[in-house]
Amino acid sequence: MKRAKVYKEYFADATFMSRHLLDGGPDPEHEQYRIMILSHSLEKGLSYRNARPFGRAKAADLLVFLEEASPETRVSSSYSIGIEVLRSWTEFMTSCGQDGQASPIRGRLEALLEESSPWECDFRAGVATPSQLDAESWKTLAFDAFVRGRHSIRRFSNEPVSDDDLRLCIELAMRSPSACNRQMVGLRVFDDPTSKELLYRTLHGTGGVDFDTCRMAVVTFDARSLDFYGERNQGYLNAGLFAMTLVYAMQWKGIGSCLLQFGNTFAEERALATGLGLRPGERIAVGLAFGVPEPDGVVPASVRRDLSEVFSVR
């Protein structure tokens, strides 16, 4: 009976997800998430080492979403972010001698802004230079400044990460909450070239990550710790709590990191687990690239949505 309920609940999850997928309709929330995804793709490309002209098709798609946006979307944070990312992209393309590709996008963007109203924005999306603080400086930083100073780092120097620092970060991450204190989460770091390349090719979002100088890992959870149908998502929640504490601990020790989405099929996951030699029952929740940040490197200036869009009290 317990296993029958597990199948029933996973089927209900699949039905719910299928009904609400991003391509499910033209409502404002779908519009806004599409804009956010395309915007991030462009701003991430702008942060690549030795970035070259790129993204003409994505910029055109993003512009269409902005032009056809509903009134609700036009007053959202995602719309503002899309506008600012396109501005940064057209400036970048012009600086690369590709004004012929940038001009049509820029012209339509200016026309769109003239239709909307005088445009005012207090941020600039695209790329930014993160604060360069050493491990000691983070210790005296106010907590809000510490959190706001975290960025996803993809460009790493040749300086190695201290194993002692890494062990301390993992020890701190182990203080994260876990369901019934089962401590089901693990971190598997792979330094051998074969495993690193397998991870680099399999994980999503590895573009722009310095493969030669980063270390790569996966955060996993043990499915054998789960007890009943209500815990079917508990492993991913626990892995997320662990991963967030881990990257903050790394930042505190001067280690840059970038969480890499694991959006693969079950068959791909099993193949990767076999290739990496993971234990039976071990599931992969998210990937991680980390290392000592490159001095003067840039990161995507990923602007956050307005608080009013994510917070409510009822």
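# Exercises on salt bridges and a surface patch

In this predicted model, Arg-49 and Glu-294 form a salt bridge, with their closest N and O atoms 2.3 Å apart.

**Exercise 1.** Determine where in the chain the partners Arg-49 and Glu-294 lie, and classify each as buried, partly exposed or exposed.

*Solution.* Step 1: Arg-49 is found in the loop between α2 (28–46) and α3 (56–67), while Glu-294 is found in the loop between β5 (282–291) and β6 (299–300). The two residues are 245 residues apart, and the pair thus links distant parts of the chain.
Step 2: The relative accessibility of Arg-49 is 32%. Since this value falls between the limits of 20% and 50%, Arg-49 is partly exposed.
Step 3: Glu-294 has a relative accessible area of 15%. Because this is under 20%, Glu-294 is buried.
Step 4: The pair also belongs to a network of salt bridges that links Arg-49, Arg-155, Asp-210 and Glu-294.

**Exercise 2.** Describe the salt bridge between Arg-87 and Glu-84 and the separation of the two residues along their helix.

*Solution.* Step 1: The closest N and O atoms of Arg-87 and Glu-84 are 3.0 Å apart. A salt bridge requires a separation within 4 Å, so the pair qualifies.
Step 2: Both residues belong to helix α5 (residues 77–95). Because they are 3 residues apart there, about one helical turn separates them.
Step 3: Glu-84 is buried, at 2% relative accessibility, whereas Arg-87 is partly exposed, at 27%.

**Exercise 3.** Establish which parts of the chain are tied together by the salt bridge of Glu-231 and Arg-182.

*Solution.* Step 1: The side chains of Glu-231 and Arg-182 meet at 2.4 Å, N to O.
Step 2: Glu-231 occupies the loop between β3 (215–222) and α11 (234–252), and Arg-182 the loop between α9 (163–173) and β2 (185–190). The salt bridge therefore ties together parts that lie 49 residues apart in sequence.
Step 3: With 8% relative accessibility, Glu-231 is buried; Arg-182, with 26%, is partly exposed.
Step 4: For the whole structure, a search finds 22 salt bridges.

**Exercise 4.** Identify the residues of the nonpolar surface patch that contains Val-310, and classify Val-310 by its accessibility.

*Solution.* Step 1: The patch is formed by Leu-307, Val-310, Phe-311 and Val-313, which together have about 470 Å² of accessible area.
Step 2: Val-310 is located in helix α13 (residues 307–310).
Step 3: The relative accessibility of Val-310 is 58%. Because this is over 50%, Val-310 counts as exposed.

Technical notes: Residues are numbered from 1 along each chain as its sequence is written. This is a predicted model: local features need pLDDT of at least 70, side-chain atom pairs count only at pLDDT 80 or more; totals for chains, interfaces and linings use all residues. Side-chain values use heavy atoms; hydrogens and water are left out. Helices (H or I, at least four residues) and strands (E, at least two) are DSSP runs, numbered from the N terminus. Buried means under 20% relative accessible area, exposed over 50%, partly exposed in between (1.4 Å probe, protein chains only). Patches are made of residues with over 30% relative accessible area and no salt bridge: like charges are joined within 9 Å, nonpolar side chains (Val, Leu, Ile, Met, Phe, Trp, Tyr) within 5 Å. Accessible areas come from the Shrake-Rupley method with a 1.4 Å probe; for residues, only the protein chains shown count as cover.
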